[in-house]
Amino acid sequence: MAAPAETWLVLGGGSTIGRAFAQRAAAAGAAVLLAGRDVGELERSAADLRLRHGVPATSVLFDALDLDAHRGFARACATLAQGQLNLLLAFGTMPSQADCEADPAVARRMVDTNVTGAASVLTALAPVLRGQGGGTVVALGSVAGERGRPRNHLYGATKAALGVFLQGYAARHARHGVRVLNVLAGPVDTALTWPLPKLPFMASPATFAAATWRLARHGAGQAHVPRVWAPVMAVIRALPNRIFNRLDL
Amino acid sequence: MNLVLPKLAVRAASDVAWRSVALQGWGRLGSAPCQAARPERLREAAAALAAQNGRNIIAHGAGRSYGDAALNGGGAALLTGRLDRMLGFDAASGVLVAEPGVTIADVIRVFLPQGFLLPTPPGTAFATLGGAVANDVHGKNQHGAGCFGDHVEWLELMLADGRTRRVSPTQDPVTFQATIGGIGLTGVVTALAVRLLRVPSNAMRVRRQRIGGLDEYLDAFRAARDATWSVGWVDALAGGAALGRGILETAEHAAGSVAVPAEASRRMPFDAPGFLLNPLSVRAFNAAYWRRVPAGGEERVVHANRFLFPLDGIGGWNRLYGWSGFHQFQCLLPEAEAPRGLRRLLETVGEAGAASFLAVLKWMGREGRGMLSFAQGQAIPGFTLALDIPARPCSRALLLRLERVTRDHGGRIYLAKDSALSPQGMVEMYPRLGAFQEVRARLDPAGRFSSDMSRRLGLG
Ligand SMILES: Cc1cc2nc3c(=O)[nH]c(=O)nc-3n(C[C@H](O)[C@H](O)[C@H](O)COP(=O)(O)OP(=O)(O)OC[C@H]3O[C@@H](n4cnc5c(N)ncnc54)[C@H](O)[C@@H]3O)c2cc1C
Ligand SMILES: NC(=O)c1ccc[n+]([C@@H]2O[C@H](COP(=O)([O-])OP(=O)(O)OC[C@H]3O[C@@H](n4cnc5c(N)ncnc54)[C@H](OP(=O)(O)O)[C@@H]3O)[C@@H](O)[C@H]2O)c1
């Protein structure tokens, strides 16, 4: 098999969405680096990618909270990558609003992971992307970050913060060929949403990954996946407060 | 082939996410509300077993068993669909190591282009490997290739306490035999090694011939003994001299490959109203289907999937029977009893006017390895007949009559399809049940693995 033209680094390679996206990338012939904390588990997923698609796939230890390690991690990824390195930011936590309010440490951990950890690792990887003349960064934002709802506004706030960070990151690195896409995800049927009551327009990981993969080829800025969320969120964002506050969303 | 699986670190019990779901068997006879965990990785499966809070639990694969084998109303289910990774493959021996949620379709998609097929593919590719182990499934090549368990090199079995042990025909063989065909009652299979079948191409040369009646059918199957693949469709509504008429399909692997057909496209968009399936409409369909094959037979080369999984092309075909669902009845009769026994079964269904849409006949020649394998004992070699029976107020009584006929002829009912077997029938038809229950008592003294089926059959 020809050497892969690109390598997708999946940050949060053990996440349901990360795994599904890695399948798409590998099916298209890309090499895959699965980064996360549970290397034994990631190695099983890497074996699966190699067997199913005949592409190189490797696991790399990564902890979003271990900020000091991010530079070294970025260098390691640069060495491991074949062809152009591209990134999917697919880690994140979503403890319930109630748990966050009951224990500020829980809330802080989420912010540290979803915002600080994300910003830190993307910053550490920027020189690698610039050094190779560009690359694609796809991040998993959320519709929850578009308007704060009673049910999950702390989580939503982390995704809104991530969105603003990505805007600036895109602007800063655009002229070095870095393209950034913030995927505003609706509910996906993953480990994260399994304990929740039935959510509207739930996408399967495979459908979600297929749509995200298509967007990842050319898209930039932000985009809703599944697409139905674009009009839905337009309405929700436009609702006046006096109505919005009465809806128990 | 050996693959070292990483040790599990059990997570805190509170990390396990449960969700209320209503599970159904493929026959859609009713739904079983339960708490379900859907682990994405092994240690989550272990944590789920540790955190049942006294509820009993059963593994649930793709839910392709027709009855209640994978249901556990009021208890817990462990959904294996996300444990779906292939872990290793050795092209020299053909041994694949995989997690239990990998489907047969996955295996075929990846390995058929490399010249390997699943050794005993059942009639649907949506089934998972874990489900294939737990029902010791067979394919249209059973008479030569045996059952799924015959090709399993080893299993990793997660017990009630969350610990995993490897079992094989040589390592803890008793637990291995109890787990093959053990309908999930010994534990959760978390990985398995299965030896794939080497094939020359992705295609099969399929020969179809019209069969006029039952005796002719049995002779035709015997004559086709050397065919690698054979299966018969039976018009269950034809009576009198035409009783048992149908179409026999035999197949061999073709030398060259054909284009891969597009994956499942058509879907049943809604539940068919029950009146569509009255005896008249089914009779007309069956007769037309029978005549479509020319009197002199026909031969075609098709992609293996078309021959092996004819129904998978129509997604959700089980909705054809309407909202009330359907039973499937499958039994195995010893060869000597088959002529009379099959006749009585078909007559019994005919008298009931039950409008069996799909009836399938197959010759079985090899015993399975499992204590509860369908293919075992006196009934091998023998003939197996499978019938769909739409759920009507009278269908339970019909199933009871079919059970009696099966028992009277020394036969056995297949648990993968069953929704009606009696506890007494279970004892009579599965001679190694006592040994099976002993293994369970040893592995799972608290009786935490349990299902609607196990309770219905009096197995606890
Ligand atoms: C159209 C159609 C055609 C079929 N044709 C055939 C055929 O030709 N031959 C044949 O033999 N069968 C046939 N079957 C039956 C089917 O192959 C079996 O019921 C099979 O077990 C289904 O697998 P599943 O993954 O859907 O398992 P499920 O139905 O979800 O579960 C089946 C059993 O397996 C257990 N189980 C599942 N996963 C695990 C695990 N990881 N560890 C332990 N236990 C587990 C469950 O507890 C349950 O007892 C057919 C079914 C259909 C719908
Ligand atoms: N599912 C949805 O409906 C939905 C909707 C919108 C957005 N999203 C976003 O999509 C992303 C993926 O989510 P998912 O639904 O696939 O959930 P998931 O399966 O629960 O995955 C979350 C992942 O985050 C990783 N993670 C958590 N803390 C980490 C840390 N400190 N360092 C490294 N990795 C860490 C976990 O890694 P470990 O394997 O090490 O535990 C886990 O793999 C998340 O960012 C989520 O916010 C999801």
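A residue counts as buried when its relative accessible area is under 20%. By that criterion, 60% of the 460 residues of chain B are buried in this predicted model.

**Stop 1: chain B as a whole**

Select chain B and colour it by secondary structure; 13 helices and 21 strands should appear. The C-alpha trace spans about 65 × 50 × 45 Å along its principal axes. The radius of gyration of chain B is 21 Å, which agrees with the value near 23 Å that a compact globule of 460 residues would have. Among the contacts in chain B with a separation of 6 or more, 75% are between residues 24 or more positions apart.

Next, display the surface of chain B. The accessible area comes to about 17,000 Å², and carbon and sulfur atoms contribute 54% of that area. If the charged side chains are then selected, chain B shows 52 positive and 39 negative ones. The centres of these two sets lie 4 Å apart.

**Stop 2: B:Gly75**

Remain in chain B and centre the view on B:Gly75, in the loop that links strand 3 (57-60) to strand 4 (76-79). Is B:Gly75 buried or exposed? B:Gly75 has a relative accessible area of 3% and is therefore buried.

Show the residues around B:Gly75. Apart from neighbours within four places in sequence, B:Gly75 is in contact with B:Cys34, B:Gln35, B:Arg55 and B:Asn56. Then add B:Asp452, which is 377 residues away along the chain, although its C-alpha atom is separated from that of B:Gly75 by 9.3 Å.

**Stop 3: the cysteines**

A disulfide is a covalent bond between the sulfur atoms of two cysteines. How many disulfides does a search of the whole structure find? The search returns zero over all chains.

Select B:Cys394 together with B:Cys331, whose sulfur is the closest cysteine sulfur to that of B:Cys394. The two sulfur atoms are 19 Å apart, so the distance is too far for a bond. Moving to chain A, select A:Cys77, which counts as buried because its relative accessibility is 0%.

**Stop 4: A:Glu146**

Remain in chain A and select A:Glu146. Where is A:Glu146 placed? The residue sits in the loop between strand 5 (135-142) and helix 6 (153-173) of chain A. With a relative accessible area of 18%, A:Glu146 is buried, given that the cut-off is under 20%.

Finally, display the contacts of A:Glu146. Leaving out neighbours within four places in sequence, A:Glu146 is in contact with A:Leu184, A:His224, A:Met233 and A:Arg237.

Methods:
Residues are numbered from 1 along each chain as its sequence is written. Chains are lettered from A and ligands numbered from 1 in the order in which they are written. This is a predicted model: local features need pLDDT of at least 70, side-chain atom pairs count only at pLDDT 80 or more; totals for chains, interfaces and linings use all residues. Side-chain values use heavy atoms; hydrogens and water are left out. A disulfide is a pair of cysteine sulfur atoms within 2.5 Å. Buried means under 20% relative accessible area, exposed over 50%, partly exposed in between (1.4 Å probe, protein chains only). Helices (H or I, at least four residues) and strands (E, at least two) are DSSP runs, numbered from the N terminus. Contact means heavy atoms within 4.5 Å. The radius of gyration is taken over C-alpha atoms; the globule rule is 2.2 Å times the number of residues to the power 0.38. Accessible areas come from the Shrake-Rupley method with a 1.4 Å probe; for residues, only the protein chains shown count as cover. Lys and Arg count as positive and Asp and Glu as negative; His and the chain ends are not counted. The place of a charge is taken as NZ of Lys, CZ of Arg, CG of Asp or CD of Glu.
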